[in-house]
Amino acid sequence: MLVYIIRRLMQAALVMVVMSALVFAGIFLIGDPVAMMISPDASDIERDAVRASLGLDKPLWMQYLSFMNAALHGDFGKSFLAGQPAMQLIFERMPATLELVFLSLVIALVFGLPMGIYAGLKPKSVGAKGIMTGSILGFSLPNFWVGLMLIMVFAVLLPDLIPGWPRLPASGRGATVNVLGVKLSLFTADGLLHLLLPALTLALYKGALIVRLARATAREIIPMDYIKFARAKGLSERRVVGVHVLKNIMIPIATVSGLEFGQSVAFAVITETVFSWPGMGKLLLDSILLLDRPVVVAYLMIIVVFFVVLNLLVDLLYSVLDPRVRLESRAT
Amino acid sequence: MTPTLSVSNLRTHFFTKEGVARAVDGVDFDVAPGEILGLVGESGSGKTVTGFSILGLIDPPGRIVEGSSIKLGDEELTTAKPDRLRAIRGAEIAMIFQDPMMTLNPVLRVDTQMIETVQAHLKVSRADALARSRAALVQVGIASPDERLRAYPHQFSGGMRQRVAIAIALLHKPKLIVADEPTTALDVTIQGQILFEAQRLCRESNTSMIWVTHDLAVVAGLADRIAVMYAGRIVEMGRTADVIERPMHPYTKGLIGSVPSQNTRGHRLAQIPGMTPSLLKLPAGCSFKSRCPIAVEQCNTMPDLVEHRPGHWARCWRAAA
Amino acid sequence: MTETTLEPPVAAKPQTPFQRVVSDFCEDRLAVFGLILVVLAVFVAVAAPWISPQNPFDIGSLDLLDAKSPPGTVSGDGKITYWLGTDGQARDMMSAIFYGMRTSLFVGFVSVVAALGIGVVVGLVAAYMGGRVDALLMRIVDIMLSFPAILVALILLSVLGKGVDKVLIALILVQWAYFARAARSAALVERNKEYVEAAACLALPASRIVFRHMLPNCLPSLIVIATITLARAIALEATLSFLGVGVPVTQPSLGMLISNGFEFLMSGSYWISFFPGVALAIAIIGINLAGDHLRDVLNPRNLR
């Protein structure tokens, strides 16, 4: 087991090096950040001076090396616009994004799993057909559109038309509390209210995927002999579905959810923009539009680390959930 | 004495898009307490569906057709409420499936799967249920039961898994056990052990058993009575010795004749020509007619199951021949 | 004993695979509904210049006094009714939506076709060549697929700048890998079949085997993936335009229209965002409903 982990960690490190090179190469092509920072009628000398001060005049490979050197120390340079170290900016905004993604995953699982299992149990029922059609809509409608519609309905139309209907906040983050040094709004009532609409927006896509996956897996599992045997033993239907079917479904669901976590952080870019949520995603978009290169680079590196770690965790989770995998590797 | 199980005119049909498959089409038999009945037939004969019908485990598009009767003692099962059926399953009637690999849920531990069976029918504590499970494992001859209980199914060999399945079946001392080809997937030596265990347990606890199989040889040494099924109906039924030594139906004769044994060494193995008919397109009259060496004009009408000799029934116009 | 003579049963008229696909497809009402939506969207897009009450790009025809009029208002000069209202620049929403649908569908469709072309070639080559070539190509595909599409597109467009052609490039780059993977899987299944061996024995050139023999058998799954990818492409373009990195203001797509109206959402002029949103949803939902059922119908197991 230990050998396995070490091997995966080394693979992960290799992937990160390759990715960093790709990221760097890609970012190098992003416009001319200097042009954003000085007035258009600055002289060339002034331009060169700024360029030199940012280290942009050195040859490409030198820039990459100094970049990697700094990166290993966690230093991605200072944001061109904010002056703060890029990585620090990102860390400041990370909790907001993470709590958003986390809540959306919880919502997606809590609603998506039962619906998917139900659709798998009674595939020909009206409810099941409705759920499946809904799931198609869920993953095909663009994220920002969903956010927009939710705002329209819950922050504009319903409160306007129905007196006394609460107006859900459509932008910004709510009150935060300090948890272990990190500011989280998940644990305040006001924070939750602000989290609700954006989390729902993010949750729709994931929920739709979970519904479809749960249904497909349930359809595979339910005709299996061991389910029939469980019924032959006289177990209640609740136990058959709630324990026997569910435990088998959890394996693919857990792996997909883990991987989706990473995807969601990417999708959060859109949701955060729609709801003016002060997370990493909004920071990224602003940085891209304003060509704030250090921040973009730092963000991409964080994403790469995220993905790699997530992949590793998902693999480990898989071996925890599926006893066949776990024990076989121990036996060999 | 009331028989443990009394099946009369059982018809289980599957209503599919391509037509109605008459998997079981008029089956009658009784099983006495402590008796082992061997239900023999090829694939497609309806023997497995009969077993599932008794337990009420037929899934749509199949269902037991009106006019069928399955009685456990004096209680009619075809009209029983779902809750009553669930209470009976696993407690008064237990089932053992064919493939032990797929019968136990691979992601749950053995003790979980045994304890839940106990607690589904009895209000006992987990500790008590565990003790019962342990005792059941000992009863089927599994050494070091505590270790086995904490293990997962895939860590067992096939024979061991099947013993666990038998142990689960015995947890509530059922009146009837339906065993659906339980040794087909096992080695011959293990098969012998399981057969021996099964016979011993039935004798000891006076449990009735229906042993479903396609292998006449297996059931010849085990069962008290044999019922031979073909295309959804019983074609011959009687005491084992009678059926094996003095078969009346041409199909049974064919089956016995096709078992390789020392007597036929060097000779060509006898076969029954042709194939079982599709359950969707059963011919009119006797279903065996197209493969029968002694079929005549009269066979265009379906014969009834007639007691041609005492305790020995056959569904053939020419059985007394 | 009476004997009944039966007429030999009349054999059902054999259907070509295509006819069977069509009849199976039409069994599902939702899928047909989706198809209708798609046809509607395409019609609107193609006929935009002729059916729009107003040309929203002709600044001269706009009357600023009509700006932000709610749906149903008649224009100041009484010539047209703004059935869906006007936006901040007094453009008729309905016309803007027709033209916007045009851009959205165009970009989506062209990018998918191009990505399909590139991806299929790469996938087929990888499947046919096998070995190192296959491993290398698939490694590239895997890397491309492991990045979330939205991030890659965002960064690409910030490099390339605005413009319909740049959006096309970004979309193609993000999508080709998806087709390459699918084409390769389908081709691998085919490759092991006997007709490929037979063709190779006849010493047919590799390109001929790949394109004339293997490709047609891969088509069903490719078609299904293309439909789903089309919906994704439209959604992706809309998202990029909404975020401000997509199509230019001069050639707005539905996403850009939605983005334009976003600021008015809370202040009451909801229609500026809402109706383009509905139009976008119609296109995407239609494609997905039809495509989902198409997948069931074209399932290789059903095609035998």
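Helices are DSSP runs of H or I with at least four residues, numbered from the N terminus. This is a predicted model: local features need pLDDT of at least 70, side-chain atom pairs count only at pLDDT 80 or more, and totals for chains, interfaces and linings use all residues. Residues are numbered from 1 along each chain as its sequence is written, with chains lettered from A and ligands numbered from 1 in the order in which they are written.

**Exercise 1.** Locate the kink in H10(A) and inspect what follows the helix.

Step 1. Take the span. H10(A) covers residues 237–274, 38 residues in total. Its end C-alpha atoms are only 44 Å apart. A straight helix would reach 56 Å (1.5 Å times one less than its number of residues).

Step 2. Find the bend, the angle between axes fitted to the seven residues ending at a residue and the seven starting there. H10(A) has a kink of about 45°, centred on Leu246(A).

Step 3. Move past the end. Ser276(A), just after H10(A), takes a positive phi of about 50°.

**Exercise 2.** Describe the side of chain A that touches chain C.

Step 1. Count the residues in contact (C-beta atoms, placed from the backbone, within 7 Å). Chain A gives 27 and chain C gives 30.

Step 2. Assign elements. H6 (126–140), H7 (143–161), H10 and H11 (280–289) of chain A each give two or more residues. H7(A) gives the most, eight.

**Exercise 3.** Do the same count for chains B and A.

Step 1. Here 25 residues of chain B are in contact with 19 of chain A.

Step 2. H2 (82–88), H3 (100–103) and H4 (110–121) of chain B each supply at least two residues. H4(B) has the largest share, four residues.

Definitions and conventions:
Contact = placed C-beta atoms within 7 Å.
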